[in-house]
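Trainee: I would like a close look at the nonpolar interior of this chain and at the helix packing beside it. Could you take me through that part with care?

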Amino acid sequence: MGEILQIVKNLDRGFYKEVDMLRRSEPAATSFGRLAAVAAERGLAPDERERQARERKFLAWFGCADTEGYRAEKIAAFARDTWALELAFRELGIRTRGPEADALGKIFSSSAGTVLFPAFVETQVVAGMLLASLVPTMIAQEVTVNSHTVEHLAMTDAEADRRTSKTGEGAPGATVTLRTAERSIRLEKYAAQLDATYESLRLQRLNVVGLFLQRLGEQLGIDETDDAIEVAIAGDGNPNSAASVLNTEQDNVLDYDDLIRLVLRFPKGYQMRVAIAGDETLRIVLNLPEFRDANLGDNAFQRLHAVQGPLAARWQRWTRTTPSFTADRILALDSRLALVQYTEQGVMTESDRLIDRQFERTVVSKWSGFGKLDYHAVQVLDRDWA
């Protein structure tokens, strides 16, 4: 028996309880990540070359062109953390991907496979979130908390508060004031539930089951993105946190000068790094004469509908609307300073079989909320304002 199977053999319900306990201090902890950590403690881990190749493969699969940034870090961590689980499935002779993927029933044909199933579920849900959510491209940082309500600090200083001065040797410098305001942010629970008959699941191939589970994760990612966008524009519920809206010079007309005005609306020291727009608005932007470049057009909707180019920002396509993010608006962010995500509990997956109804129920949940960090880092352009 291989070393990884010796590890799996020793896993029992206590392993998942340990993961739940770990999440109290590390909300991003996962069962498959913990399995990878245990394997690494036993000397089981990919070498540096394999690790780098694996990370490049996952970055490409998730459509992440950037090799740096918060989203790239999360994808790279996912690549590292799933290595041990994939190794265990290979040792068990269970194929989870490709045209020759095994049926779900094969996992439950052995005790080792059965104990790995919750970790498999979790990998698919997390993959779905990484595919669908724009949050990693929007936030400055993610903060771990242990309450449904958190105290949030917003930056309120102006340039004059931070200004330095020229001084002689040994002379004191100017006093720099970093002003903040205390705010209260309430977290929300995101949850989705999948019900399917056990008999139908048992006969399905694991790659197909994985797609259904990814849909749960995708929906969580979509819903949290909607909330992050709404908070960025309408505010986090605290006074003066809503963004002011810049109108185009002509109603229902968007031209190059309007985009320049949007970029220049960011104060000195800020930069439009991310721009989010709906289909019609994004189509107008990409068809402006200033941006109709052959190379850009060929690659416009690759990499998870992200466009790198116009005005040196990463453009993101988001087709859903919220009360504040209408189809006619562009949300522009300096993602270094715009938003903070507070997470009390990372992604939690729970599976249960309802014997009397022969149903397999999987529930996915997450506690999270958003606060605006620096109000100057969010700008909005509206092209239909009359």
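Mentor: What follows moves from the chain as a whole to its cores, then to a helix pair and to single residues.

This is a predicted model, in which local features need a pLDDT of at least 70 and side-chain atom pairs count only at pLDDT 80 or more, whereas totals for chains, interfaces and linings use all residues. Residues are numbered from 1 along each chain as its sequence is written, and side-chain values use heavy atoms, with hydrogens and water left out.

The average pLDDT of the chain is 84, and 84% of the residues score at least 70, pLDDT being the predictor's confidence in each residue, from 0 to 100. Over residues 297-307 the pLDDT is below 50, and beyond near neighbours in sequence this stretch has 24 contacts in the model, where contact means heavy atoms within 4.5 Å.

The chain has 15 helices and twelve strands; these are DSSP runs numbered from the N terminus, with helices being H or I of at least four residues and strands being E of at least two. Of its 386 residues, 49% count as buried, a term that means under 20% relative accessible area, with exposed meaning over 50% and partly exposed the range in between, for a 1.4 Å probe and protein chains only. Among contacts between residues at least 6 apart in sequence, 79% join residues at least 24 apart.

In soluble globular proteins, nonpolar side chains tend to be buried together. The largest nonpolar core here has 98 residues, a nonpolar core being a set of buried Ala, Val, Leu, Ile, Met, Phe, Trp, Tyr and Cys residues joined through side-chain atoms within 4.5 Å. Helix H7, residues 111-132, gives the most to this core, with 13 residues, and the residues with the most contacts inside the core are Ile276, Trp315, Ile330 and Leu331. Once residues up to four places away in sequence are set aside, Leu331 touches Met138, Ile229, Ala232, Ile233, Val274, Ala275, Ile276, Phe325, Val378, Gln379 and Val380.

A second, separate core of eight residues includes Val145, Val150, Ile185 and Leu373. Val150 lies in strand S2, residues 149-155, and is buried, with a relative accessible area of 7%. Although Val150 and Ile185 are 35 residues apart along the chain, their C-alpha atoms are separated by 5.3 Å. Not counting residues up to four places away in sequence, Val150 touches Val145, Arg183, Ser184, Ile185, Leu187 and Tyr342.

To return to H7, its packing against helix H3 can be set out in some detail. Two packed helices are described by the angle between their axes and the distance between the axes. H3, residues 31-41, and H7 pack at an angle of about 115°, with their axes 8 Å apart; the axes are lines fitted to C-alpha atoms, for helices over the stretch in contact, and angles run from 0 to 180 degrees between N-to-C directions. On the H3 side, Ser31, Phe32 and Leu35 meet Leu116, Pro118, Ala119, Glu122, Thr123 and Val126 of H7. By class, this contact has six nonpolar, two polar and one charged residues, where Ala, Val, Leu, Ile, Met, Phe, Trp, Tyr, Cys and Pro count as nonpolar, Asp, Glu, Lys and Arg as charged, and the others, Gly among them, as polar.

Arg34 also lies in H3. Leaving aside its neighbours within four places in sequence, Arg34 is in contact with Phe15, Glu18, Val19, Leu22 and Glu41, and its C-alpha is 7.1 Å from that of Val19, 15 residues apart in sequence.

Phe89, in helix H6 (residues 83-91), is buried, with a relative accessible area of 4%. Beyond neighbours within four places in sequence, Phe89 is in contact with Ile94, Thr96, Ile107, Leu116 and Phe120. Phe89 and Leu5 are 84 residues apart in sequence, yet 9.2 Å apart in space, C-alpha to C-alpha.

Leu220 is found in helix H11 and counts as buried, because its relative accessibility is 3%. With neighbours within four places in sequence left aside, Leu220 is in contact with Met129, Tyr190, Ala191 and Val364; Leu220 and Val364 are 144 residues apart in sequence and 8.4 Å apart in space, C-alpha to C-alpha.
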